[in-house]
Structures are given as structure tokens and as C-alpha cells.
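Subject: Structure handover

Hello,

Here is the structure for your files. My notes on it come after the coordinates.

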Amino acid sequence: MTYHVAIDIGASSGRVILGKTAGKLEIKEIHRFKNGFTKRNGHDRWNINHLIDEIFLGLEKVKSCGADTCTIGIDTWAVDYVLLDENDDLLADPIAYRDARTQGVMTKVFEKISKDEIYQKTGIQFLNFNTLYQLCAEDRELLAKTKTILMIPDYIAYRLTGKKVGEVTNASTTQYLNIHSRSYDKELLNLAGNDSEKLPELIETGEVIGKLSSDLYAKYDLPEATVVAVATHDTASAVVGVPAVNKNWAYLSSGTWSLIGVENHDSLLSQAALEHNYTNEWGAYKTYRFLKNITGMWAVQEIARMLDYQYSFAEMAERAYQVEPFLQYVNLNDERFTNPDNMITEIQDYCRESHQIVPKTVGELVMCVYSNLALAYAHEWTVLEKLLGHKLDVLHIVGGGSHVKLLNQLTADVIGKPVVAGPGEATALGNIMVQMISSRELHDLKEAREWLSKQGTFERYEPRPIPDRSHLEIYKKQYFNKRG
């Protein structure tokens, strides 16, 4: 029996998952813990030490399950980072990407270097919370005290192993890696008042970082473990975990964010790709995730929070089934929905301002969100095909959102192509698959996906005929009108 541990942390929760391989893979969630940012010292901040404590607790549970020896992979969200001083102590809790400090920063950067030049250097889409703009907005006094800057998963790996590295899939989202030299771009770092000396050595997906630090065993009852640099950006791990074996497939990683795209072996830096704000994030094994980052389940999560979690997500979806779809056209990618005080009133205000039916019940609100997510996916599906210059045959939806049958069917209907849903645990599976390749249980990514496709049954949604396809055209007009 071989054991692999996936430490998988998202914006709202983290998990320690144990994978056992003996011909067939078995995975089990060993430990789950909450995550989230809170307003402290003037900014929205993550409690990084809480996450570290929970990880050690989870690893102790791993050993108690009989996994005395294992490999470990870490994946988290992207773009956020920690600042360490000359003693490698944390200077402050990391600021969350949804914090308002980067508003207007991109415009100031474009006064020094053009948008086109940044894109040709990096291939990365323009989001105001990319690490490049966060560093531009960073406290200058803190930066002056900073010896090392580490991305969140790299910091966790450092706390486990004592080794400072920068795994490329997460590092690429910063928008300061040069896609041609596959190294840090000094010009962009200088714009942010930074230099590459503060950044760790870059390593590729699949490389071994090191064993758990020996001094940890005096404090915790841990397994003998080796930490592997999996695809540390959770989306990159989710793409590894797509059970696709045919050509011309696209993926949609569905969670707090929706990321729709394809896996390429070369970057695509066309003017059209820039205009549509598509990104070339680095994927596992020197692939590129050519994708668009759009909103996802965030709105539904916030609706649940505003209702004090009196409904489960399954109950919310069930109530949405009772409501007619496409009654409102709402651009959920509008900045007003990024982090509103109250998502429910924000959606209602948007509809009221644009003279549309105002959703009131939980079912109406959720159907409004799901309908407009499906339309956003359909819009990007059309754009993606145009940018690639060829048709796509099937959309694989992976991640937590793949469990939402209503949204899966609506998506198949509006894109007019089959949707294959699952695995819901694509991120953890992708994490573990890289560990299996690293330990030579699997030969390469192609073999890993073929192996995964035989591990379970995935639901397939065929598109239903839609007599009136005007929904998408109306939405497309709405998409480019921020206030409807």
C-alpha cells in the first residue's frame, strides 16, 4: 500500500486528504478546517498560522490512520503571498486578493509600461489583484524589511521542509514571470519596487522539495514524509485531474471562481487573446492553461451566508429547480459583485436599476445566478473557439461545482455541446496524480488521465434543444454593459 497526502486549501476551507493506491485509488478526507479572511489592521487578511496549525493536526491524523510513510503535495489559491524578514519570521499576515488596496493600481502601472508589452512578456490576464499590482500597493516599510517573498503554498512547504522554492504554476499567476525565458522579469519587478533577490528559486511541477524538517517530530506525531512540488495552484491541480482522453476538450474548473479554458503546449499571445483578457498560466509539465478567469460559485456562497446558512447548497439548488431560468440578465463579473456587503441586495439592486424582474426568494436568487453563470460559460465558449481557430467537442466540468446538476444541464443547453461532470475532487486527485508520477507509479500525464478515466463513472449531460436561443444574444449585450 502506497500513501499520498493532498493538502488542498481554498478560499473558504482547507482539507487534508489521504490517498491510498494499490491498483485502484481510494481517497478519504482526513481533516477539514475553515478558511477565510477578516479585516485586521486596515486590510482583509488570511490567518496563515491558523492554516499551518490545522495542517499539522491533519498530518497527525494521517499517521493515526496507519500511514507511517507518505508523500505530501500542497495546493492553494493563487496570487497571494507572505513577507519574511531576515530571520525568516512573518512580517504580517498576508493580505487577501479581494482587499480593496489594488483598486486603480493597474492604471498607474500602464502609465509606465503598456498593457500590450506586459502581455507579450507574461501572457497573463489582467486582474487588479494579480501579485504584480499587490506588490505595487504593498507597504514600502514592510518591503524594505523583507528578505523573502513566498507564495502561499510555497510558504506552507517552507514551514514543512525548511526549503524555499517557487513552484511555477502558482508563480506564473503573479504576472511577473517572463513566459519566454521562464524566469522572473526584472523590469516588471522593478516597477513594483521589488527585485528577484527576494524571490525563491523556481522549480517545475513534480520536483521533490524535501523531507519534513526533523525538528517538527519533537512537537508533532507526524509520518515520515517527502514533500513533492505538485501543481501548487489549485486550478492547475484541477486541470491535471480532468479525465480527458480525447482531443478538442475544454475544462471548466468550478468553485468559488470559474476557470474555463484548454490545455495547450504552446502559449497563445495574439492581440485577440489580449483583448479578450485570456491568460496563459503555466500548467503541469510545461503545459499552458489558456483560460479565462470569471466568477463562479462565489455569489451562491454569499447568498447562503446572507441567509445565515439556513439552507444547504443542495436545498438551494432544489428550490431553484422550481423557477424558470433566464428571467434576468446579470453580469456577475461586474466589480460590484466582487466583495459586496450584501450579495442579495446587490443582485436585487442591479436588476432594479436595469428594469428587470427582481429575484426575491432563495430559489429565484439561485436560479438567477445559475442562469447567468451558464450564459457566461456559453459566451466564453464561443470566444475560446474563435481564439483557438477550431471547434471544441466536449466540456469537462470539475471541482465542487460539478455536483450542481441544474447548472451542468443549463450549461450543456446553452453551449450546445455535451458536458461531462466530475470528478468533484479533481484538485485533490490532480495533486495526488503528480505525486504518483513523481514516485513512478504512473509514467506521465497522459497515462495518469487514462488511469483516472477508469477510476470512476462521470455524469454526462447532453444538450437539450432550445427553441429560442435569444438568451445568449441578450446576455452578450448585457455582458458589455456594466450597469445593464
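The notes below cover a pocket, the cavities and two buried residues.

Please keep in mind that this is a predicted model.

Pocket

The second largest pocket has a volume of about 1100 Å³. It is lined by 40 residues, and those closest to its centre are Leu127, Asn333, Asp334, Glu335 and Thr338. By class, the lining of this pocket holds 16 nonpolar, 13 polar and 11 charged residues. Helix 10 (271-275), strand 18 (288-295) and helix 14 (362-388) each contribute at least two residues to the lining. Strand 18 gives the most, with four residues.

Cavities

There are five cavities of 30 Å³ or more. The largest cavity has a volume of about 80 Å³. Its lining consists of Arg45, Tyr81, Leu83, Ala92, Asp93, Pro94, Ile95, Arg101, Glu138 and Leu142. Six of the residues lining the largest cavity are nonpolar and four are charged, with no polar ones.

The second largest cavity encloses about 60 Å³. Among the residues that line it are Ile149, Met151, Asp154, Gly166, Tyr176 and Leu199. The class count for the second largest cavity is seven nonpolar, two polar and one charged.

Asp154

Asp154, one of the residues lining the second largest cavity, sits in helix 6 (residues 152-161). Is there a salt bridge partner to consider, and which side chain of opposite charge is nearest to Asp154? Asp154 is buried and has no salt bridge; the nearest side chain of opposite charge is Arg289, 12 Å away. Apart from neighbours within four places in sequence, Asp154 is in contact with Val165, Gly166 and Glu167. Gly166 also lines the second largest cavity.

Tyr278

Tyr278 is in the loop between helix 10 and strand 17 (279-282). Its relative accessible area is 0%, so Tyr278 counts as buried. Leaving aside neighbours within four places in sequence, the contacts of Tyr278 include Tyr119, Gly123, Gln125, Ile260 and Ala273. Phe290, Leu291 and Lys292 are also among the residues in contact with Tyr278, as are Glu380, Val383, Leu384 and Leu387. For Gly123, the C-alpha atom is 8.2 Å from that of Tyr278, although the two residues are 155 apart along the chain.

Regards

Conventions:
Residues are numbered from 1 along each chain as its sequence is written. This is a predicted model: local features need pLDDT of at least 70, side-chain atom pairs count only at pLDDT 80 or more; totals for chains, interfaces and linings use all residues. Side-chain values use heavy atoms; hydrogens and water are left out. On a 1 Å grid over the protein atoms alone, a cavity is a set of points where a 1.4 Å probe fits but cannot get out, and a pocket is an open set with protein on both sides within 12 Å along at least five of seven lines; lining residues have an atom within 4 Å of a point. Grid points are joined across faces, edges and corners, and a volume is the space filled by probe spheres set on the points. Ala, Val, Leu, Ile, Met, Phe, Trp, Tyr, Cys and Pro count as nonpolar, Asp, Glu, Lys and Arg as charged, and the others, Gly among them, as polar. Buried means under 20% relative accessible area, exposed over 50%, partly exposed in between (1.4 Å probe, protein chains only). Lys and Arg count as positive and Asp and Glu as negative; His and the chain ends are not counted. A salt bridge is a side-chain nitrogen of Lys or Arg within 4 Å of a carboxyl oxygen of Asp or Glu. Contact means heavy atoms within 4.5 Å.
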